[in-house]
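Open the model in your viewer and keep the sequence panel visible. The stops below give selections to make and what to look for at each.

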Amino acid sequence: MNAAHDELRHDAAAYALDALEPAERAAFEAHLGSCAECAADVRQMRLAASALPHTVPQVSPPPSLRARILRQMSAAPDASTPAPAVVVREKRGLPAWLPIAAMLVIGAGVSFYAQRMQARVANLETQLRQAQAQVAAAERQTLEARNVAFRAQSAMGVFAAPDVARIDLAGQPVAVSARARALWSRQRGMVFTVTNLPALPPGRVYQVWVVTAQAPVSAGLLTPDASGGGSVYFETPVDILPPVAVAVTLEPAGGVPAPTGAAYLVGKPSPL
Amino acid sequence: MVIWLFAAIVGFPGRSSESQAEDQRSLQHAAAGDSGGLAALYDRHGRAVYSLALRILGDEGDAEEVTQDVFSQAWRRASQYDDSRGTVAAWLLVMARTRAIDRVRARRVRPEGRVQDDAGLTLQQLPSTNPDVASEMMAAERGQRVRRALDELPFLQRVAIELAYFEGLSQREIAERLEQPLGTVKTRMRLGLMKLRDALVEVQP
């Protein structure tokens, strides 16, 4: 049991994250039943893992989804939906003098009433404009959240892409100690990370290039951090050719449409 | 069997917060065929379920299908929900994650096929064992704090956790993808989760 424990206790995190292969999972579960230490460990790991759904950008589903879900339930044969209660109002007889009194009141108050109505309409129009502005703002926020979700998904998705290829970049004579790696997926884009780039001269920026058989395509600008590190996520255009190389050059601030400056890093694809 | 041994050892707390009690009532109503119960559950948790599915699948149509499936299962299989294992909210989110990952894995078409049985929750799919903390986590502010804790993790720890949870890769596959020894990946996952747990404990009242 102790030998098994020493070997299996490191699997608690992967178990809580559902990252064990079936055989590993079976072995871990068998051990878990008899090991209080691992069971307590799993409990802690699972507590942390249960928070992960709450870290994703919160996006509202379309309102039609709610209706679909509820319709599906009421369409099911074994679901008995209670009929909506029908409110029946008792009809009461009106006093005979009321129409006359009402006419008098209306006649006397009609101009006052018209003024009130105008003010009310103006007020409602203001509220409508405010509501429209709020709706527009909410739509912008939703769109923004979707973009954040999409980008997070895409960048992480490159690692998991079935067609991922690795491109290691070597530092050129101007930056011998710089190293970089690009993970390229035609479907999901490119993640590029670099270390040890020299500090930028004023008015300059590093530019990352995907070199294809046709032409170099800019994959983005890079301003390294204090240690010369940085990363770029590049969303692959649909019509791009496979990369023959990835390179980093020094360019004027703002970037350029085609490389003009010295190459700092260059690398060619190798199978992953 | 393992589940019960595990439950006995860990000693699941049976407490439940106010929102959890409300969720349980809604679930019972939904199971009895009251669409109002389902509507209440959806209104409280539909957004979180949809957002998780969207994050995993990256496709709005697929995320809607998973969300529809989760809430359909919620009232059809309400009897399978066991409040000693976690909150209703955590149960819904585990169903969402499992269904979304099944789709991701099916897309990836791996020969060994880890697509899991749909029929019930296995031990490893159980939600948090602490209903109070899990339900407290529903608050948006806490979600943000955990998000920050996740963002602050060293790159390898964060990537390893996200590849496992959101992409459905196994620890061996993650080790291959990141070109790290398996032992390193295990350690990184553990350290990362410990830090997230610490962030959770910090935000508890």
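**Stop 1: strands 1, 7 and 8 of chain A**

Select strand 1 (residues 165–171) and strand 8 (residues 263–267) of chain A, which run antiparallel and are joined by two bridges. To find the register, pick Ala170(A); its bridge partner in strand 8 of chain A is Val266(A). This is a predicted model, and that applies to every stop on the tour.

Keep strand 8 of chain A selected and add strand 7 (residues 243–252) of chain A. These two strands also pair in the antiparallel sense, over four bridges. Label Val246(A) here: the residue opposite, in strand 8 of chain A, is Gly267(A).

**Stop 2: strand 3 of chain A and its partners**

Move to strand 3 (residues 189–195) of chain A. Five of its seven residues are buried, so strand 3 is largely enclosed by the rest of the structure.

Which strand pairs with strand 3 of chain A over seven bridges? Select strand 2 (residues 179–185) of chain A; the pairing is antiparallel. A hairpin of three residues links strand 2 to strand 3 of chain A. For the register, label Ala182(A) and its bridge partner in strand 3, Phe192(A).

Next add strand 6 (residues 230–234) of chain A, which pairs with strand 3 of chain A through five bridges, again in the antiparallel sense. Val191(A) has Tyr233(A) in strand 6 as its bridge partner. When viewing side chains here, keep in mind that in a regular strand they alternate between the two faces of the sheet.

Follow the chain past strand 3 to Asn196(A), in the loop between strand 3 and strand 4 (204–212) of chain A. Asn196(A) is not a glycine, yet its phi is positive, at about 65 degrees. With 16 other C-beta atoms within 10 Å, Asn196(A) is partly exposed.

Before leaving chain A, zoom out. The chain has six helices and nine strands. Of its 272 residues, 30% count as buried. Among contacts in chain A with a separation of 6 or more, 61% are between residues 24 or more positions apart.

**Stop 3: Asp18(A)**

Select Asp18(A), in the loop between helix 2 (12–16) and helix 3 (22–32) of chain A. Its phi is positive, about 60 degrees, although Asp18(A) is not a glycine. Is Asp18(A) buried or exposed? There are 21 other C-beta atoms within 10 Å of its own, so Asp18(A) is buried.

**Stop 4: Ala164(B) and the nonpolar core**

From Asp18(A), cross to Ala164(B). Leaving aside neighbours within four places in sequence, Ala164(B) is in contact with Ala14(A), Leu17(A), Asp18(A) and Ala19(A) in chain A, and with Leu169(B), Gln171(B), Ile174(B) and Met189(B) in chain B.

Ala164(B) also belongs to the largest nonpolar core, which has 109 residues. To display its most connected members, select Leu17(A), Met190(A), Phe192(A), Ala53(B), Leu92(B), Ala96(B) and Ala164(B), the residues with the most contacts inside the core. Phe192(A) is the bridge partner of Ala182(A) from stop 2.

**Stop 5: where the chains meet**

Color the two chains separately and show their contacts. On one side are 67 residues of chain B, and on the other 58 residues of chain A. The largest share of the chain B side, 12 residues, comes from helix 3 (residues 35–57) of chain B. By class, the chain B side has 35 nonpolar, 16 polar and 16 charged residues.

For one helix pair across this boundary, select helix 5 (residues 63–75) of chain A and helix 4 (residues 60–76) of chain B. They pack at an angle of about 35 degrees, with their axes 10 Å apart. The crossing is right-handed. Show side chains for Leu65(A), Arg68(A), Ile69(A), Gln72(A) and Met73(A), which meet Glu64(B), Thr67(B), Gln68(B), Phe71(B), Ser72(B) and Trp75(B). The residues of this contact divide into five nonpolar, four polar and two charged.

**Stop 6: Lys195(B)**

Finish on Lys195(B), in helix 10 (residues 182–203) of chain B. Lys195(B) has 19 C-beta neighbours inside 10 Å and therefore counts as partly exposed. What does Lys195(B) touch, not counting residues up to four places away in sequence? Select Ala149(B) and Leu153(B). A distance label between the C-alpha atoms of Lys195(B) and Ala149(B) should read 7.3 Å, although the two are 46 residues apart along the chain.

Definitions and conventions
Residues numbered from 1 in each chain as written. Chains lettered and ligands numbered in written order. Predicted model: local features only at pLDDT ≥ 70, side-chain atom pairs only at ≥ 80, totals over all residues. Contact = placed C-beta atoms within 7 Å. Nonpolar A, V, L, I, M, F, W, Y, C, P; charged D, E, K, R; others polar. Axes fitted to C-alpha atoms, helices over the stretch in contact; angles between N-to-C directions. Left-handed = near helix turned anticlockwise from the far one by under 90°. Pairing = 2+ DSSP bridges. Core = buried A, V, L, I, M, F, W, Y, C linked by C-beta atoms within 7 Å. Buried ≥ 20, exposed ≤ 12 C-beta atoms within 10 Å, placed from the backbone.
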